[in-house]
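Have the sequence and the model side by side for this walk. We start with the chain as a whole and then go to single helices and residues.

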Amino acid sequence: MDWSSFLSSVFVFDDYGELLVLVRNSLWAGAVLGLVGGVVGTFVMMRDLAFAVHGIAELSFAGAAAALLIGADVITGSLVGSVLAALIMGFTGLRAREGNSFVGVLMPFGLGLGILFLSLYEGRSSNKFSLLTGQIVSVSSLQLTSMVVLSVLVLAVLVAVWRPLTFASTDPFVARAKGLPVRGLAILFMVLLGISVALSVQIVGALLVLALLITPAAAAMNLTSSPGRTVVLSVLFAELAMVGGLLLALGGNIPISPYVTTISFALWLVSRVVRAVRERSASYRRAVTATATATTTTPRGAVAADGTGAATASSTPAP
């Protein structure tokens with residue numbers, strides 16, 4: 001494939017206005033998922049659960065594939081699989097290293113189950129492919145309503161437990177000493193994470209759900225350390241990735257996930273460059289300030305051992 005053929009496959013904007021009307025439900029769904037993903041992703045990064053998100057996504061894929069095989073609702077199957085995985089991880093309460101090993105074991109199991117169910121499915125191949133890479137054209141009004149209801153539920157619970165969950169996420173040992181139910185909060189958040197993953201799989205697919213629940217929050221944390229500003233920037237980046245990816249995918253011949261992941265990665269890359277520039281600038285200012293301070297505080301007659309202005313010996317008054 002030459003460059004012109006590639007561009008014609010990625011960016012095709014013929015009859016774009018007519019197509020835009022047809023995916024109105026998908027645009028609303030993308031906006032809602034961007035909001036949920038930005039908020040939930042912030043706590044995922046605080047609790048270091050990026051790897052767990054991928055494990056939950058694989059079980060969500062297996063549940064959706066099972067539902068597709070038996071003719072049930074795909075969203076329900078995805079939700080059952082992801083919540084089940086989240087509950088297993090939440091109740092085990094493993095330490096970080098053991099938890100990563102457990103997720104590493106769970107991921108191939110879920111992926112294998114999903115592939116088994118899809119291989120037994122005799123329907124359209126596009127239905128199989130969309131579970132892995134996402135889709136934009138099959139969000140019905142009923143599906144949109146269910147997504148909105150579940151998203152409101154997730155956000156409402158997060159708002160209700162915002163302060164204790166933030167405390168337990170940033171310093172669990174002190175939170176436990178203060179009497180907070182750290183384990184209960186962990187299980188509750190895993191359930192909310194499972195619901196969020198199940199919703200995200202419907203749009204971006206099981207393989208690339210990290211682009212919605214991890215990358216925007218990681219980019220936000222590169223730019224600020226304030227919890228409030230982190231949430232705002234995370235939601236903004238998630239919305240840009242989701243809605244922007246939907247709009248670009250509508251004008252192309254490939255699934256939505258490459259657009260969403262590319263936008264998410266571009267945002268993270270820019271934020272990382274900004275962070276590096278800030279850190280270098282701050283380091284330079286500290287060095288200049290330290291040098292100026294040492295120079296102004298050196299006693300008269302001091303002998304400098306090197307060029308930093310650090311005094312190693314000073315003159316003493318004659319007896």
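About 16,600 Å² of the chain is exposed, and carbon and sulfur atoms supply 68% of that area. The model is a predicted one. Of the 319 residues in the chain, 41% are buried. The chain has 15 helices and two strands. Contacts reach far along the sequence. Take those between residues at least 6 apart: 74% of them join residues at least 24 apart.

Now look at a helix pair. Helix α3 spans residues 24-46, and helix α9 spans residues 162-170. Their axes come within 9 Å and cross at roughly 30 degrees. An angle under 35 degrees counts as roughly parallel, so α3 is roughly parallel to α9. Which residues make the contact? From α3 come Val-39, Phe-43 and Met-46. From α9 come Trp-162, Leu-165, Thr-166, Ser-169 and Thr-170. By class, this contact has five nonpolar residues, three polar ones and no charged ones. The spacing in such lists is worth a look. An α-helix has 3.6 residues a turn, so residues three or four places apart point the same way.

Helix α3 also turns up around helix α13, which covers residues 215-223. Seven of the nine residues of α13 are buried, so the rest of the structure largely encloses this helix. The buried ones are Thr-215, Pro-216, Ala-217, Ala-218, Ala-219, Ala-220 and Asn-222. What do they pack against? Their partners are α3, α12 (210-213), α14 (227-250) and α15 (257-296).

Go next to helix α5, residues 74-92, and find Ser-78. Is Ser-78 buried or exposed? Its relative accessible area is 0%, and buried means under 20%, so Ser-78 is buried. Set aside its neighbours within four places in sequence. Ser-78 then contacts Ser-60, Gly-63 and Ala-64, along with Ala-198, Val-201 and Gln-202.

Leu-84 is in helix α5 too. Its relative accessible area is 48%. Partly exposed runs from 20% to 50%, so Leu-84 is partly exposed. Where is Met-190 relative to Leu-84? The two are 106 residues apart along the chain, yet 9.9 Å separates their C-alpha atoms. Helix α5 thus holds both a buried residue, Ser-78, and a partly exposed one, Leu-84.

Conventions:
Residues are numbered from 1 along each chain as its sequence is written. This is a predicted model: local features need pLDDT of at least 70, side-chain atom pairs count only at pLDDT 80 or more; totals for chains, interfaces and linings use all residues. Side-chain values use heavy atoms; hydrogens and water are left out. Helices (H or I, at least four residues) and strands (E, at least two) are DSSP runs, numbered from the N terminus. Buried means under 20% relative accessible area, exposed over 50%, partly exposed in between (1.4 Å probe, protein chains only). Contact means heavy atoms within 4.5 Å. Axes are lines fitted to C-alpha atoms, for helices over the stretch in contact, and angles run from 0 to 180 degrees between N-to-C directions. Angles under 35 degrees count as roughly parallel, over 145 as roughly antiparallel, 65 to 115 as roughly perpendicular and the rest as oblique. Ala, Val, Leu, Ile, Met, Phe, Trp, Tyr, Cys and Pro count as nonpolar, Asp, Glu, Lys and Arg as charged, and the others, Gly among them, as polar. Accessible areas come from the Shrake-Rupley method with a 1.4 Å probe; for residues, only the protein chains shown count as cover.
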